[in-house]
Amino acid sequence: MEQILTELDSRLFDTLSKSSNRVFFYYADVKRNIARWSGPAVEYFGLPGEILSPSTLWDEKVHPDDYAEYQHSFIEMVTHVTPLHNCEYRVTNARNEYVWVNCHGYMNYDEAGYPEFFAGFVTNMGTVNKIDPVTGLWTGYGFRHDVVRMLEMGQSGSALQMDIDNFKQINAAYGYQYGDKVLRTIGQKIIRACGNNAGVYRMDGAQFAVCIRGGREQLISCKDAMLKEIEEMVVDGIRFHIDYYIGATTFPEDAAFIDQIQSNLFYSLAHAKQEKTTDMVFYSRDLSETRNSRVRLKSCLKRSVGDDFRGFRLVLQPVIDAKTEELHSAEVLLRWDNEDFPKIGPADFMPVLEETQRIIPVGKWIIDQTFSIIARWNQLAGAARLPHVNINFSYIQLIDETLKDYVIRKLDEYRLPHDILVAELTESCKIEYSDDLARILHSFRKEGVMIALDDFGTGYASLMVLKDIPADIVKLDYTMIRTIKDRPKDRNLVEFIITYCNQMEIEVCTEGVENEQTLGIVKDAGASYIQGYYYDRPLEADEFYEKYIRQRKQALHS
């Protein structure tokens, strides 16, 4: 290793290493998997020595939550997407504390194009400049400095933090250099909109903050002017729309210390994202209590999953054939009983399971429990067995590489035909639809599994998604169905969608049918299946068997 470094002038490396105890230099021989780190880096990060062999010993120090992004940067270099490495992540220091660092590097390749050596430097984020090099704005450190100064001078103020939600798509579509230009343009437009009485800052990633002297009304005016400038933008002749979320707080009314102010901004912004609202969300005690309740909910769900899924249970709601009024399927729905959250429903705990990715083990538990129940029913019912069962799948579940094999293995284990399963795609699949997800869905269909598009007509769903998602069934959301008997326009829309789907040979299931008048409308429109309280509510498994499977068996033998 020393000989290699001599060829590249080891003395220069040593000189640079000694020039700063805050910027840490490194060099790696990629082919030999050996790295050298500067002396100050060894001391600050608690490395075993200047020479790391293998060089991946550094990887073990990276925070698990940041590792995927860290690794992605190296994959881009290895696959020649870019030779540049620029990544922010957390690593442990000598005291085993996680600290934020910014890592810059450059990959060199041999004549055959293979990675050869890699060099760069790591900067402790506590020592970065107060000016953002991309936008020329003050950074988060400048924000903290200005707010602290206002507090020390006894001044009242308010602040907002905005997150550009679709910035990754802009980068992906037009490249990082163009993305930097977009960020600069946004910063300039915010300055122009808010005037000289506001401080404007580039925070982490695609986030901006604004701080003003004044209360809510002044901040709202600033926000309105800012959004007028940036919602529709043209950069280098390209027009695009900015999606955003905004959190806000006042001080010292809401908080008198900088850390609490930033915490308030974090919670209010997180709430805006959770609610998917474009309104500016101000921090409040109620919001704080909601956030604390969500933290407790996460903890309780974690314990339940870890304790063999304690408290989870399944209920089933019948799906009826519109022509024969016979049982066509049963949709499996998840319930959770917990003494700390006695009245909680799926709309509250399912997003938390998805956010924490615990929906992956819970989803597999649902699959195993469902197939076990159906296999037992089949032994008892014979020819009256359940034709189909609908199970909901989120985007997070479907992109889990182990899911499909697990589903097929469980179907075979319980000796169930593959087409008994109808995989219902939740709203997240429509929002996050990608080529990878398309491949996964087609692979399910090749195995005989049917695909249903759930909650159609809500959120981002439109007829256009039907050309991309390989759906056998479309389920019209109950929010569309409940108004069709009173609103002619809603009725016409539902009738049009059903007709359109039938022409595309896609069957339609209407959810939320609660009365005979609504039933008649969707039947006349050509719906294939009906689901709703008109026929039945979700039932416990034993109750469903007695009411539908046993009666079906008796009817066949009578």
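## Helices and a sheet, piece by piece

Helix α10 (residues 285–306) and helix α11 (residues 346–355) pack against each other with their axes 10 Å apart, at an angle of about 70°. That angle makes α10 roughly perpendicular to α11, since 65 to 115 degrees is the range that counts as such. On the α10 side, the residues making the contact are R294, L297, K298 and L301, while α11 brings D348, F349, P351, V352, L353 and E355. Sort those residues by character and you get six nonpolar and four charged, with no polar ones. Keep in mind while looking around that this is a predicted model.

Now for another helix pair. The axes of α5 (residues 140–152) and α9 (residues 258–275) come within 10 Å and cross at roughly 120°. That makes α5 oblique to α9, and the crossing is right-handed. Which residues of α5 and α9 make the contact? From α5 come F143, R144, V147, V148 and L151, and from α9 come I258, D259, I261, Q262 and L265. Here the split is seven nonpolar, one polar and two charged.

Here are the two pairs side by side:

| Helix pair | Axes | Angle | Contact residues by type |
|---|---|---|---|
| α10 and α11 | 10 Å apart | about 70° | six nonpolar, no polar, four charged |
| α5 and α9 | within 10 Å | roughly 120° | seven nonpolar, one polar, two charged |

Next, the sheet. Five strands make up an open sheet, and if you walk across it the order is β8-β9-β7-β12-β13, with mixed pairing. In general, strands of a sheet pair through backbone hydrogen bonds, either parallel or antiparallel. At the edges sit β8 (198–202) and β13 (280–282), each pairing on one side only. From one strand to the next, the twist averages 20°.

Take a look at the β13 end. Strand β12 (residues 244–251) pairs with β13 in the parallel sense, over three bridges. G247 stands opposite V281 of β13.

What packs on this sheet, and which strands does each helix touch? One answer is α5, the helix we already met beside α9: α5 touches β7 (157–164), β8, β9 (207–212) and β12, and its direction makes about 20° with that of β9. Another is helix α8 (residues 216–230), which touches β7, β9, β12 and β13, with its direction at about 30° to that of β7.

So α5 is a handy landmark, because it has contacts with α9 and also packs on the sheet, where contact means heavy atoms within 4.5 Å.

Conventions
Residues are numbered from 1 along each chain as its sequence is written. This is a predicted model: local features need pLDDT of at least 70, side-chain atom pairs count only at pLDDT 80 or more; totals for chains, interfaces and linings use all residues. Side-chain values use heavy atoms; hydrogens and water are left out. Axes are lines fitted to C-alpha atoms, for helices over the stretch in contact, and angles run from 0 to 180 degrees between N-to-C directions. Angles under 35 degrees count as roughly parallel, over 145 as roughly antiparallel, 65 to 115 as roughly perpendicular and the rest as oblique. A crossing is left-handed if the near helix is turned anticlockwise from the far one by less than a right angle, and right-handed if clockwise. Ala, Val, Leu, Ile, Met, Phe, Trp, Tyr, Cys and Pro count as nonpolar, Asp, Glu, Lys and Arg as charged, and the others, Gly among them, as polar. Two strands pair if DSSP finds at least two bridges between them.
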